[in-house]
Protein chains: 2
Amino acid sequence: MLEPIALPLDLPELAVDLSGGLVRRSVHPSGLRVLTEFMPGARSAAIGFWVGVGSRDEQSERGDAPGSLGSTHFLEHLLFKGTPTRDAYSIATSFDRIGAEHNALTAKEYTCYYAKVRDADLEGAVTVLADMVANSVLDPEEFENERGVILEEIAMAADDLTDVANERFFEEVMGDHPLGRPIGGSPETINQAQRGDVDRHYRDQYDPSTLVVTAAGAVDHDKLLEQVLTALNFSPEERWHTDRTATPVRRELRTDLTAIPHRDSEAARVAVTERPSEQINLMIGTPGLRSGDPRRFAFGIMNAVLGGGMSSRLFQEIREKRGLAYTAYSFGASYSDAGLFGMYAGTAPEKAAEVVELSRIELQKIADSGITEEEHERALGQIAGSTALALEDSDTRMGRLARSELGSGELFDLDTSLERFRAVTAEDIRSIAAELAAAPTTVVAVGDTSRSTLSATE
Amino acid sequence: MLEPIALPLDLPELAVDLSGGLVRRSVHPSGLRVLTEFMPGARSAAIGFWVGVGSRDEQSERGDAPGSLGSTHFLEHLLFKGTPTRDAYSIATSFDRIGAEHNALTAKEYTCYYAKVRDADLEGAVTVLADMVANSVLDPEEFENERGVILEEIAMAADDLTDVANERFFEEVMGDHPLGRPIGGSPETINQAQRGDVDRHYRDQYDPSTLVVTAAGAVDHDKLLEQVLTALNFSPEERWHTDRTATPVRRELRTDLTAIPHRDSEAARVAVTERPSEQINLMIGTPGLRSGDPRRFAFGIMNAVLGGGMSSRLFQEIREKRGLAYTAYSFGASYSDAGLFGMYAGTAPEKAAEVVELSRIELQKIADSGITEEEHERALGQIAGSTALALEDSDTRMGRLARSELGSGELFDLDTSLERFRAVTAEDIRSIAAELAAAPTTVVAVGDTSRSTLSATE
């Protein structure tokens, strides 16, 4: 049933405006890519070293070593633990003494090491981040210590019922697709992890061809190129070029979740995780859109109206009219070959079945009758306003550059993006809701389900 | 034992630079204050309507009505539910259709209604926020519905063990001081709440003399004054003035927690909340500094070194050397008449006693020997860098204006603030640590304490 498809991805030509715009992209002969976005007036910059490898890519190249599940995240931790010229304390102090906002994150399709710093501190941040990414020693003693830290991180997430519901939702909707696995592994795989697994992952996956450096804010592209070359010990002789060809992702894709199945609606499958709690955390959803899906603009508008704000239908029906929840919203998550769509609410156990029903009804209403013109207009205004506000942050722009480069390859300016949203028709919106409403629905319920009328089904 | 002290507060003269600076302050004859900070180049603005009344002020003027506990927060919810000219849906859509970031928050000493919007949308946001704050109808049907929403909000917080630990910590350290109470009340008080309690609170407390409007970013002070007058239906004839005298807070103060008691150190008192969990959430601390305490600059440096970053002593000892926690930090919280100091870590139940011991040892080490020169320098750099980054956000500046106006009355620019930090001596730092280390220590432990060696003491 699951067919890996051939590489490379059929990426559209990069939409980055290289001709005098504020976004610039350079490709090094090694494959390393650097993208910057200069923001006039900015006095700080956000910089990220992005590796196009995430938890879903584990195991794909080296068979079944259970201890390797979670190795991407384990590696992310270890990269803070030292290089031949910097120990862990020195890495920590180099960020702290400039008051940098810095951290790292492991996602399903990438890993990122980033910092936000005052303009004068940018070169220092580049130097340390490059050293961490390129020259980690993965010290064996630090390995054992970090195992404990990661087990505590997993324990912390296990105590957060919203986190638990989110992980369960991916597992239930994605099934055995690699996107269904938890990013950090499990206590079992972390306890089994061997330094060799993580080291092999580092040697195999961290090389210039998977590395993307992005920066936004008070950044000079040419200066940054020099700083990156120096920091990575590359020869200054090799010339950067501005090749517009996207670099294909080295990844086995599985498209079995990409298309939303067109089936008759049926009773939702319910997956229950019993925990003592005051609220049940509910996630209700289906497979959704992959990153490059042309229907994503229609989905964006549909999602805003369904569950994207205080005036959205889910918020109004569940919270404002009935007082059943404090939080109620809908969302989409898209990856290179698959995605998912979900509706979330936290509610009293006795009300959980009603909230599930209300959520499904609201989706079905849009599937049947679409949205009103007033809602359509409002959603466009909401997307325009919130996007404009988000793009004021250098962190947002830095992340957008990288996710574009590592994902679809598309990078729209605000106006072009809004044009795409404005081109969506009422029928496009109704149609995407209809596809989602017709897809097999999964309900994840985490909490004290003994007090609810929800029960697990297969 | 508890003595209310006389009003007004002994506030220092406002340090706001009114002479051509970027911060401007105007006082209306009604008592309403408006403060703005223009940020060159900004294309958006953050605006807040702040009422100088928080959960601690409940009951003080009208005796013991148990249903009134939580009424400040209840009122905050109801202000979104409609005015004579705007129903709840209209309020929601007016923010959503411009993609505003908007919300409200109730704190112990203030309540705030805010929005961040594109520059062109500022006037509209002012109009709606002013109407919400000045003309709420507190509809009885909406009152009942919102009771359900608030009970769900409290249930959500009860499922979050970090939130539970935080509330317990205030209760245990503050005792029967009004700052010790949970902001939102309890399920019992919310179930008992009567519309009359909330309505009385609204009539008594929400008037121009407690209202402060602050804005930062793309804002023109004079235009905003006009917009605020129009939105609040004030006569355009009454003249604003720039009185530099701080407006005293109308609040019964209780200074019994203000001074850190100079007692011999003793065994910590342990307050246990048993919950099924993977981790124990630990908070370890003492009474701390009130808002205007002159030792706050020394405390800021001490706190940065003790638990303010990856290179801090708590993070190094608990996480980096021993792998006992994912999160470990220290903090201070200051209010007009009292404050507290705490150290937080989430750890496995079997390790909880060790983490408590390690935390107390690290504080004691600074109390005994101070910090190193390198740490002192680094903390100054950390404060300078992180403050500069934070002040890039209009939200931060908007909030800073209001908290200054409603609190100490002091507002320093970055350079002046850093001068204060630089004036701190090594002995000031050691001394504040010594006072905290000598104060009676409270340990709050939330989680599966049956697996730990911690047990409750009195």
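**Exercise 1. The interface between the chains**

How many residues of chain A are in contact with how many residues of chain B? Describe the surface through which the chains meet in this predicted model.

*Solution.* Begin with the count: 62 residues of chain A are in contact with 61 residues of chain B. Next take the area, which is about 4,700 Å² buried between chain A and chain B, with carbon and sulfur atoms giving 54% of this. On the side of chain A, the residues that lose the most area to chain B are Glu152(A), Tyr326(A) and Leu389(A), which together account for 14% of what that side buries.

Then turn to the polar terms. The rule finds 28 residue pairs in polar contact across the interface of chain A and chain B, both residues being at pLDDT 80 or more. The elements that give two or more residues to the side of chain A touching chain B include helix 2 (88-96), strand 5 (101-106), helix 10 (313-320) and helix 12 (373-390) of chain A. Helix 4 of chain A gives the most to that side, with 10 residues. By residue class, the side of chain A that touches chain B divides into 20 nonpolar, 21 polar and 21 charged residues.

Finally, consider the salt bridges, of which the rule finds four across the interface of chain A and chain B. In one of them, Glu146(B) pairs with Arg319(A), and the closest N and O atoms are 3.5 Å apart; the cut-off for such a pair is 4 Å.

**Exercise 2. The relation between the copies**

Which turn and which shift along the axis lay chain A on chain B, and why can the copies be said to meet through the same surface?

*Solution.* A turn of 180° with a shift of 0.0 Å along the axis lays chain A on chain B with an RMSD of 0.0 Å. The two copies are therefore related as by a two-fold rotation axis. For the second part, compare the interface residues: 98% of those of chain A are also interface residues in chain B, so the copies meet through the same surface.

**Exercise 3. Salt bridges within chain B**

Which residue forms a salt bridge with Asp395(B), and what parts of the chain does the pair tie together? Treat two further pairs of chain B in the same way, asking whether each partner is buried, partly exposed or exposed.

*Solution.* The structure holds 70 salt bridges over all chains. Asp395(B) forms one with Lys116(B), where the closest N and O atoms are 3.1 Å apart. Since Asp395(B) lies in helix 13 (residues 394-406) and Lys116(B) in strand 8 (residues 111-118) of chain B, the pair ties together parts that are 279 residues apart in sequence. Asp395(B) is partly exposed at 31% relative accessibility, whereas Lys116(B), at 8%, counts as buried.

The second pair is Asp121(B) with Arg118(B), whose side chains meet at 3.3 Å, N to O. Here Asp121(B) is buried with a relative accessible area of 16%, which lies under the 20% limit, while Arg118(B) is partly exposed at 26%.

The third pair joins Glu317(B) and Lys321(B), with the closest N and O atoms 2.6 Å apart. Glu317(B) is buried, with a relative accessible area of 11%, but Lys321(B) is exposed, with 53%.

**Exercise 4. Positive phi in chain A**

Where do Leu138(A) and Asn233(A) lie, and is each of them buried or exposed?

*Solution.* Leu138(A) has a positive phi of about 45° although it is not a glycine, and its place is in the loop between helix 3 (122-135) and helix 4 of chain A. At 1% relative accessibility, Leu138(A) counts as buried. Asn233(A), likewise not a glycine, has a positive phi near 60° and is placed in the loop between helix 8 (221-231) and strand 8 (253-254) of chain A. Asn233(A) is exposed, with a relative accessible area of 65%.

**Exercise 5. Surroundings of a buried residue**

What is Met302(B) in contact with, leaving aside its neighbours within four places in sequence?

*Solution.* First locate the residue: Met302(B) is found in helix 9 (residues 296-307) of chain B. Its relative accessible area is 0%, so Met302(B) is buried. With neighbours within four places in sequence left aside, Met302(B) is in contact with Phe341(B), Leu363(B), Ile366(B), Ile429(B), Ile432(B), Ala433(B) and Leu436(B).

Terms used:
Residues numbered from 1 in each chain as written. Chains lettered and ligands numbered in written order. Heavy atoms only, no water. Contact = heavy atoms within 4.5 Å. Buried area = accessible area lost by both parts, 1.4 Å probe. Polar contact = N/O pair within 3.5 Å; in protein donor to acceptor, adjacent residues only side chain to side chain. Helix = DSSP H or I, 4+ residues; strand = E, 2+ residues; numbered from the N terminus. Nonpolar A, V, L, I, M, F, W, Y, C, P; charged D, E, K, R; others polar. Least-squares fit on C-alpha atoms with pLDDT ≥ 70 in both. Buried < 20%, exposed > 50% of the residue type's maximum accessible area, 1.4 Å probe, protein only.
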